[in-house]
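Student: I would like a close look at a single part of this protein, with the residues, distances and exposure values that go with it. Could you take me through it in one go?

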Amino acid sequence: MHTITTGLDEEQIRATDWADDWLLAPPNPAHRLPSRIDPKDMRRLELNAVLTASGIAPSPGDTEAIDELSALPDAVHATLRRWLGCCGQCGCAA
């Protein structure tokens with residue numbers, strides 16, 4: 001078995017590891033690519049988030065029902081989110 005020594009102790013090796021590291025500048029919002037999400041897809045994501053936050057984790061078989069609910073108008077969807085948000089806050093969702 002051959003061993004190779006560098007002549008540097010462990011502290012010097014750690015110091016050289018960080019020497020090449022630097023912080024990145026924060027992203028410039030003007031350089032972001034425009035991204036449009038279909039309103040139905042946004043409602044589906046919001047509904048999944050509200051269900052999960054309320055303690056009702058959607059099952060794999062619930063996808064069709066969530067898709068149908070996401071196709072409903074914004075007013076109906078807002079009411080659904082409000083109802084589910086209330087259940088998560090008052091603890092009535094068991």
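Tutor: Happy to: what follows is a walk along helix α2, starting with the whole chain and then turning to the side chains one group after another.

A word on the model comes first. It is a predicted model, with a mean pLDDT of 78 for the protein and 68% of the residues at 70 or more. Confidence varies by element: α1 has the lowest mean pLDDT, at 60, while helix α3, residues 63–70, has the highest, at 91. Where pLDDT is low, the predicted coordinates should not be read in detail.

Now the setting. The protein has four helices and zero strands, so the order of elements from the N terminus reads α-α-α-α. Of the 94 residues, 11% are buried. The exposed surface of the protein comes to about 8200 Å², and 59% of that is supplied by carbon and sulfur atoms. If we take contacts between residues at least 6 apart in sequence, 59% of them join residues at least 24 apart.

With that in place, let us go to α2, which spans 39–53. What does α2 give to the largest nonpolar core? That core has five residues, namely Leu47, Val50, Leu51, Ile66 and Leu84. Three of them come from α2, the largest share of this core. Leu47 is a good residue to click on here: setting aside neighbours within four places in sequence, Leu47 is in contact with Ile66, Leu69, Ser70, His77 and Leu84. Two of the core members, Ile66 and Leu84, are thus among the contacts of Leu47.

Next come the charged side chains. Side chains of opposite charge can pair when their charged atoms come close. With a cut-off of 4 Å between nitrogen and oxygen, the count is three salt bridges, and we can visit each in turn.

Begin with Arg44 and Asp41, whose side chains meet in a salt bridge with an N to O distance of 3.6 Å. This pair stays inside one element: Arg44 and Asp41 are three residues apart in helix α2, which means a separation of about one helical turn. Arg44 has a relative accessibility of 27% and so counts as partly exposed. Asp41 is also classed as partly exposed, at 31%.

Move on to Arg43, which forms a salt bridge with Asp74, the closest N and O atoms being 2.8 Å apart. Arg43 lies in helix α2 and Asp74 in helix α4, residues 74–90, so this pair ties together parts that are 31 residues apart in sequence. Are the two partners buried or exposed? Arg43 is buried because its relative accessible area is 12%, whereas Asp74, at 51%, is exposed.

The remaining salt bridge joins the side chains of Glu46 and Arg81, at 2.7 Å from N to O. Here again the link runs from helix α2, where Glu46 lies, to helix α4, where Arg81 lies, so parts 35 residues apart in sequence are tied together. The C-alpha atoms of Glu46 and Arg81 are separated by 8.0 Å. Glu46 is partly exposed, with a relative accessible area of 29%, and Arg81 is partly exposed at 28%. Which residues does Glu46 touch, not counting those up to four places away in sequence? The answer is His77 and Arg81. His77 also appears in the contact list of Leu47, which makes His77 a handy residue to display alongside both.

Finally, look at the surface. Ile37, Met42 and Leu45 make a nonpolar patch of about 260 Å². Ile37 sits in the loop between α1, residues 10–19, and α2, and counts as partly exposed because its relative accessibility is 46%. Leu45, by contrast, is located in helix α2 itself; at 44% relative accessibility, Leu45 is partly exposed too. One more distance helps to place Leu45: its C-alpha atom is separated by 10.0 Å from that of Asp67, which is 22 residues apart from Leu45 along the chain.

To put the picture together, α2 supplies three residues to the largest nonpolar core, holds the Arg44 and Asp41 pair within itself, is tied to α4 through Arg43 with Asp74 and through Glu46 with Arg81, and carries Leu45, a member of the nonpolar surface patch.

Notes:
Residues numbered from 1 in each chain as written. Predicted model: local features only at pLDDT ≥ 70, side-chain atom pairs only at ≥ 80, totals over all residues. Heavy atoms only, no water. Patch = residues over 30% accessible without salt bridge, like charges linked within 9 Å, V, L, I, M, F, W, Y side chains within 5 Å. Areas by Shrake-Rupley, 256 points an atom, 1.4 Å probe, with all protein chains shown as cover. Helix = DSSP H or I, 4+ residues; strand = E, 2+ residues; numbered from the N terminus. Buried < 20%, exposed > 50% of the residue type's maximum accessible area, 1.4 Å probe, protein only. Contact = heavy atoms within 4.5 Å. Core = buried A, V, L, I, M, F, W, Y, C linked by side-chain atoms within 4.5 Å. pLDDT = per-residue confidence, 0-100.
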